[in-house]
Amino acid sequence: MDSETKTQGLEIPTPKEFNFTECLAILGRSDQELLHTISGERITKLLNAEGELVLFELSYSGSALHIEFLHRSPSEQGKQAVMWYVMDWFDLETDLQPFYAMAASDPVLREVVEQHAGLRIMGMPDLFEAFAWAITGQQINLTFAYTLKRRLIENFGSSTKVGEVEYWTFPSAGTIASLEVGQLRELQFSGRKAEYIIGIARELANGHLVKEELVSKTEQQVEKQLVAIRGVGPWSAHYVMMKCLRFNSAFPISDVGLHNALKEQLGMGRKPTIAEIEGFAKNWTGWQAYATFYLWRVLL
DNA sequence: GGCCAGGCTAGCA
DNA sequence: TGCTAGCATGGC
């Protein structure tokens, strides 16, 4: 790009409890990921800011995240959208000190939290993406779940090609709302998953499900509302509350990954029972989501 | 080749 | 109210 089209970047200060490398480890988990690209210590991502496709690059230095806009100069609204997205994505507004104070004396969390200090719950600010990913991941192995996600994006997402690289956004709820079940079956989604995902896309598209309304309710109210949606059980509800709605008390207690992480971390030789997990979690009140996320980190 | 996978629904007692 | 077969297929 020539110097005249180069745009002014943005800078977002990060909290003391922040480790970019730890966050990158999460984002680099799958080599099938199309929603962002990682090169060294830089992340490139395409964002759909109310119809405007904004491509940006994220890096970290000097206690701040740096955003550079690539390809073309976005509108002021586009820039603002990217800034809010990044703050939400990295959960920069949560003060982790109380969590760390609790974890320091918790026999289950102490080691893993110390080891990965500065890791933050890498979120999914887009509510439809969070639901779709939760449903896609139900009861299938993660590798296959990523394959399904990639196909969904390649078939129904938006993209921009810069040089040799194509950057993608997750399909909008509006796009998926207009599909028939058979169109997702072709991508090897099960009939059930196809029905669930299209159903939720329609709830979002017709305004029956609004993120801004959900985040203003209590955890109990939200759980009740989400579980009433076909295809959303307790695990998915808590997954969405944790990754998108940012309830730090969300707790997907039946999660197989959590069970395997506890088994490994505690050297149990078997997966813990739900009752045992409830016992471990007695001191985690208010921070169950962070406890879960740090334990997931063990499995990477 | 068999068990497991970041579960959920619907139908049954 | 509580229990569980069936889903649907890939990964390892």
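This report walks through a predicted model of a protein with DNA, covering the DNA surface, two helices, the salt bridges and the cysteines.

## Where the protein meets DNA strand B

Let's start with the DNA. There are 22 residues around DNA strand B, and the ones that come nearest are Arg 29, Leu 142, Gly 231, Val 256 and Trp 296. On the DNA side, sugar and phosphate make up 61% of the strand B atoms that come within 4 Å of the protein. Sorted by class, the protein surface here has ten nonpolar residues, eight polar ones and four charged ones.

Which helices each supply at least two residues of this surface? They are helix 12, spanning 234-243, and helix 13, spanning 256-265. Helix 12 gives the largest share, with four residues.

## Contacts to the phosphates

A few contacts to phosphate oxygens of strand B are worth finding in the viewer. Gly 233 uses its backbone: an N or O atom there sits 2.8 Å from a phosphate oxygen. Arg 230 works through its side chain instead, with a polar atom 3.0 Å from a phosphate oxygen. Asn 260 also uses its side chain, where an N or O atom is 3.5 Å from a phosphate oxygen of the strand.

## Helix 13, from cap to end

Helix 13 has a cap at its N-terminal end, provided by Asp 255. A side-chain oxygen of Asp 255 lies 2.9 Å from the backbone nitrogen of Gly 257. Past the other end, the helix is followed by Gly 267, which has a positive phi, near 55°.

The buried residues of helix 13 are Gly 257, Leu 258, His 259, Ala 261 and Leu 262. Those residues pack against helix 14 (274-280) and helix 15.

## Helix 15, wrapped up

Is helix 15 largely enclosed or left open by the rest of the structure? It is largely enclosed, because ten of its ten residues, 288-297, are buried. Among them are the aromatic-looking names you may want to click on: Tyr 290, Phe 293, Tyr 294 and Trp 296. Arg 297 is on the buried list too, as are Gln 288 and Thr 292. Trp 296 is also one of the residues that come nearest to DNA strand B.

What does helix 15 pack against? Its buried residues pack against helix 1 (20-27), helix 3 (97-103), helix 4 (110-115), helix 12 and helix 13. Helices 12 and 13 are the pair already met at the DNA surface.

## Salt bridges

The count of salt bridges comes to ten. One of them joins the side chains of Lys 149 and Glu 33, with N to O at 3.0 Å. Lys 149 belongs to helix 6 (residues 142-156) and Glu 33 to the loop between helix 1 and strand 2 (36-39), so this pair ties together parts that are 116 residues apart in sequence. Both partners are buried.

Helix 6 also holds a local pair. Glu 154 forms a salt bridge with Arg 150, with the closest N and O atoms 3.3 Å apart. The two lie four residues apart in that helix, about one turn. Glu 154 counts as partly exposed at 37% relative accessibility, and Arg 150 is also partly exposed, at 24%.

Arg 230, already seen at the phosphates, forms a salt bridge with Glu 195, the closest N and O atoms being 3.0 Å apart. Arg 230 sits in the loop between helix 11 (219-227) and helix 12, while Glu 195 is in helix 9 (residues 191-205), so the bridge ties together parts that are 35 residues apart in sequence. Arg 230 is exposed, with a relative accessible area of 52%, whereas Glu 195 is partly exposed at 34%. Elsewhere, Asp 88, Asp 91, Lys 211 and Arg 246 are linked in a network of salt bridges.

## Cysteines

How many disulfides does the structure hold? The number is zero. Cys 23 is in no disulfide, and the nearest cysteine sulfur, in Cys 244, is 18 Å away. From the side of Cys 244, the closest cysteine sulfur is that of Cys 23, and 18 Å is too far for a bond.

Both cysteines are tucked away from the surface: Cys 23 is buried, with a relative accessible area of 0%, and Cys 244 counts as buried at 2%.

Terms used:
Residues are numbered from 1 along each chain as its sequence is written. Chains are lettered from A and ligands numbered from 1 in the order in which they are written. This is a predicted model: local features need pLDDT of at least 70, side-chain atom pairs count only at pLDDT 80 or more; totals for chains, interfaces and linings use all residues. Side-chain values use heavy atoms; hydrogens and water are left out. A residue is near a molecule or strand if one of its heavy atoms lies within 4 Å of it. A polar contact is a pair of N or O atoms within 3.5 Å; within protein, one must be able to donate a hydrogen and the other to accept it, and residues adjacent in sequence count only if both atoms are side-chain atoms. Ala, Val, Leu, Ile, Met, Phe, Trp, Tyr, Cys and Pro count as nonpolar, Asp, Glu, Lys and Arg as charged, and the others, Gly among them, as polar. Buried means under 20% relative accessible area, exposed over 50%, partly exposed in between (1.4 Å probe, protein chains only). Contact means heavy atoms within 4.5 Å. A salt bridge is a side-chain nitrogen of Lys or Arg within 4 Å of a carboxyl oxygen of Asp or Glu. A disulfide is a pair of cysteine sulfur atoms within 2.5 Å.
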